[in-house]
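Student: Before we discuss this protein, could you put the sequence and the model in front of us?

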Amino acid sequence: MASEANMADETNNNEATELVGDHVETVDVSKHPDPSIPVTDLSLADIERRQSHPVPWAVFIVAVLAAIIAPYWLGRSLAVGYTQWLITHLNLFTPRGVAFVSWTVTLTTFTGLGLAVVESRNWLWRIVFVVGLAAEQFIAGLSLLKLNFWYSTYVVYGDSARLPNAANLGIIAAGVGVAVYAVVWVGLLILIKKDSPLNVLTRSWASFILFFAIETAALLIVLFGGLLTAV
């Protein structure tokens with residue numbers, strides 16, 4: 001009974017008696033916490049399978065494909081079948097205004113995609129990405145976006161082709177801005193050491209500032225660099 005009492009007392013005091021060198025000493029021992037993970041018969045694969053949620057992801061992939069195909073087809077059909085009606089309504093805008101709108105829509109799309117990757121548990125940014133992608137594709141369809149779009153827009157829109165050209169330049173500016181940002185960001189990650197004071201440039205908030213700075217520069221080049229009158 002005395003030994004049991006001593007053992008209980010040692011457990012409560014978080015101490016133990018052991019042989020150190022040639023004599024016996026009482027030393028402190030670590031106290032293990034209670035396990036936070038309950039005992040279960042499920043394997044790791046079973047747990048990951050339950051957390052994967054394949055149905056929402058399948059719906060998301062289908063929504064992305066639909067946002068790429070359907071809006072572009074609708075916009076292109078309107079451009080070919082209702083050209084005069086579009087020209088009448090598009091003439092209410094200026095080329096710079098159209099370029100700014102298409103740039104903003106495309107920028108929103110890329111921002112939603114980036115935040116969806118960073119905040120992978122938040123479906124709000126995936127919704128923003130899909131809606132922005134659908135809007136961008138609709139504008140691209142209206143403006144007949146492709147590599148040599150200025151020929152297609154002139155054939156369809158004639159002398160009013162400057163407006164769809166401006167929309168295409170806005171989309172392209174946002175895309176080029178993302179490409180430049182990706183190159184600069186990867187370069188910073190490779191060149192800057194972890195113990196360098198410049199490592200602050202690789203923080204998330206600095207990354208977003210860099211992204212919007214590059215995108216703004218790309219927009220300003222389109223608006224005031226003479227590109228709107230060159231195509």
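Tutor: A residue is called buried when its relative accessible area is under 20%, exposed when it is over 50%, and partly exposed in between, with a 1.4 Å probe and protein chains only. This is a predicted model, in which local features need pLDDT of at least 70 and side-chain atom pairs count only at pLDDT 80 or more, while totals for chains, interfaces and linings use all residues. Residues are numbered from 1 along each chain as its sequence is written, and side-chain values use heavy atoms, with hydrogens and water left out.

Student: What percentage of the residues of the protein chain count as buried?

Tutor: Helices (H or I, at least four residues) and strands (E, at least two) are DSSP runs numbered from the N terminus, and the secondary structure of the chain comes to 9 helices and 2 strands. The chain has 231 residues, and the share of them that counts as buried is 29%.

Student: Is Ser102 buried or exposed, and which residue offers its backbone oxygen to the side chain of Ser102?

Tutor: Ser102 is placed in helix α5, and because its relative accessibility is 1%, Ser102 counts as buried. Contact here means heavy atoms within 4.5 Å, and, with residues up to four places away in sequence not counted, Ser102 touches Ile139, Ala166, Ala167, Gly170 and Ile171. A polar atom of the Ser102 side chain lies 2.9 Å from a backbone oxygen, and that oxygen belongs to Ala167.

Student: Which residue, 31 residues apart from Val105 along the chain, has its C-alpha atom 5.9 Å from that of Val105?

Tutor: Val105 also sits in helix α5, and Val105 counts as buried because its relative accessibility is 18%. Leaving aside neighbours within four places in sequence, Val105 is in contact with Gly132, Ala135, Glu136 and Ile139. The C-alpha atom that lies 5.9 Å from that of Val105 belongs to Glu136.

Student: Which element gives the largest share of the lining of the largest pocket?

Tutor: A pocket is an open set of points on a 1 Å grid over the protein atoms alone, where a 1.4 Å probe fits, with protein on both sides within 12 Å along at least five of seven lines, and its lining residues have an atom within 4 Å of a point. The largest pocket has a volume (the space filled by probe spheres set on the points) of about 300 Å³, and the elements that give two or more residues to its lining are α5 (95-118), α8 (162-191) and α9 (204-224). The largest share, 6 residues, comes from α5.

Note on methods
A polar contact is a pair of N or O atoms within 3.5 Å; within protein, one must be able to donate a hydrogen and the other to accept it, and residues adjacent in sequence count only if both atoms are side-chain atoms.
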